[in-house]
Amino acid sequence: MNSDLQRLQPYPFEKIALLKQQVQPNPALTPLSLSIGEPKHPTPEIILNGVRDHADKLAVYPSTKGVPELRQAIADWLVKRFKLPTNGVNPETQVLPVNGTREALFAFTQCIVERKPNAKVLMPNPFYQIYEGATLLAGAEPVYLPCLEENNFLPDLDAISEQTWQDCQIFFLCTPGNPTGALTPASEIKKLLELAEKYDFIIASDECYSEIYLDEANPPTGLLEVAASVGNTDYKRCVVFHSLSKRSNAPGLRSGFVAGDAEILKAFLLYRTYHGCAMPLTAQLTSVVAWQDESHVLENRNLYRDKFDAVLKILSPVMDIPTPQASFYLWAKTPIDDVTFTRDIYEQQHLNVVPGSYLSREVNGVNPGQNRIRLALVATPAECIEAAQRIRQFIEAL
């Protein structure tokens, strides 16, 4: 048995399930949930039709590298979306389809980490728990970088020691951030690129929320975009992760991609060939049309904007909630301990939320998620509004 399995911590939703066992929810209220970040908007017809049109391809073994038309569609989307140079992404060597970002982030870490003393993987704190689990099972040490309000919910790169940079093998960037919704500005990404060149580590940028943002005129900046702007047109030491799950409301399609440094992707392709994780051909061909269409993505953004507006109007008078720049989360302060808040609002209002401390790790006596909750505005507008009203009622009764 792999002894590193003993180092894994319970997933947040396992801990929440145990917490909820202590209480019975209010039977007079229908259950509502703002906990799991699973998109609930309808999957676009172009994707549903694509699955139907290509269902016969289930009889075909898929290629790990992906069909050329999918890699080309992804390359074209990257160039257009992030204003990269014409032909700035080589679909043959710099794009690799994957079964969603969760699987890819985990596998990438196993592929890249060199098992040697003091191997470290740096990650934001709070964080997507796959970063931590992948690091531990790769035999490396996770380094948690507090994302505090005083630093705009971003890691403080200047606070990281010289020795930590020297030991760093992967730096997980998450922009837009989960759960904070914070965007990493181009200036910080440039600084990170300089550090990666100096200390020779890989930047793995999780950008799966990049297409959900509030300001239509200012889409989030991406790692490849900044790399190209400083002359790194080969994207050396840069890898980005994208998905159709949030962008296109198709989490069950399990379709995403990794793109960037050709040498890194060459090694990752070799790893994945043995890993046995090729995306089904039906999903690949369906994904082509999804990456080529932006109209359904705009409709998706508009719906999230409407929900943010409605929910913030209800909650802002009673909660300290930074307006997120992107993603579909609210990172709200709680007037009482976040775990107690989560348990009691479930009991009194039959509402599920996520305590921020479950998404974070304590560093130097401070848990960056303490006294915060994550609210995922993925349900219908009516359900999100009802949930916000229940939260306000709960707080006003404290």
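**A walk through the chain, starting at helix 5**

Just after helix 5 comes Gly139, a residue with a positive phi near 85°. This angle, like every value below, belongs to a predicted model.

Helix 5 itself covers residues 129–137, and 9 of its 9 residues are buried, which leaves the helix mostly covered. The buried set begins with Gln129, Ile130, Tyr131 and Glu132, continues through Gly133, Ala134 and Thr135, and ends with Leu136 and Leu137. Several elements contribute to this cover. Among the helices are helix 1 (12–20) and helix 4 (100–112). The strands include strand 3 (120–125), strand 4 (141–146), strand 5 (168–174) and strand 6 (202–206).

The view may now be widened to the chain as a whole. It contains 14 helices and 12 strands, and 58% of its 398 residues are buried. The C-alpha trace spans about 60 × 55 × 45 Å along its principal axes. For 398 residues, a compact globule would have a radius of gyration near 21 Å; the chain has 21 Å, and therefore agrees with that expectation. Of the contacts with a separation of 6 or more, 77% are between residues 24 or more positions apart. The chain exposes about 16900 Å², of which carbon and sulfur atoms supply 51%. There are 36 positive and 46 negative charges, and the mean positions of the two groups are 2 Å apart.

Two individual residues illustrate how distant parts of the sequence meet. Leu285 lies in helix 11, which comprises residues 281–292. Its relative accessible area is 14%; because buried means under 20%, Leu285 counts as buried. Lys57 is 228 residues away from Leu285 along the chain, yet the C-alpha atoms of the two are separated by 9.1 Å. Leaving out residues up to four places away in sequence, Leu285 touches Lys57 as well as His54, Val67 and Glu69.

The second residue, His41, is placed in a loop, between strand 1 (32–33) and helix 2 (45–53). Is His41 buried or exposed? With a relative accessibility of 7%, His41 falls under the 20% limit and so counts as buried. The side chain of His41 is joined to the side chain of Asn300 by a polar contact of 2.7 Å. Beyond its neighbours within four places in sequence, His41 is in contact with Asn300 and also with Asn249, Leu303, Tyr304, Lys307, Val378 and Ala379.

Technical notes
Residues are numbered from 1 along each chain as its sequence is written. This is a predicted model: local features need pLDDT of at least 70, side-chain atom pairs count only at pLDDT 80 or more; totals for chains, interfaces and linings use all residues. Side-chain values use heavy atoms; hydrogens and water are left out. Helices (H or I, at least four residues) and strands (E, at least two) are DSSP runs, numbered from the N terminus. Buried means under 20% relative accessible area, exposed over 50%, partly exposed in between (1.4 Å probe, protein chains only). A polar contact is a pair of N or O atoms within 3.5 Å; within protein, one must be able to donate a hydrogen and the other to accept it, and residues adjacent in sequence count only if both atoms are side-chain atoms. Contact means heavy atoms within 4.5 Å. The radius of gyration is taken over C-alpha atoms; the globule rule is 2.2 Å times the number of residues to the power 0.38. Accessible areas come from the Shrake-Rupley method with a 1.4 Å probe; for residues, only the protein chains shown count as cover. Lys and Arg count as positive and Asp and Glu as negative; His and the chain ends are not counted. The place of a charge is taken as NZ of Lys, CZ of Arg, CG of Asp or CD of Glu.
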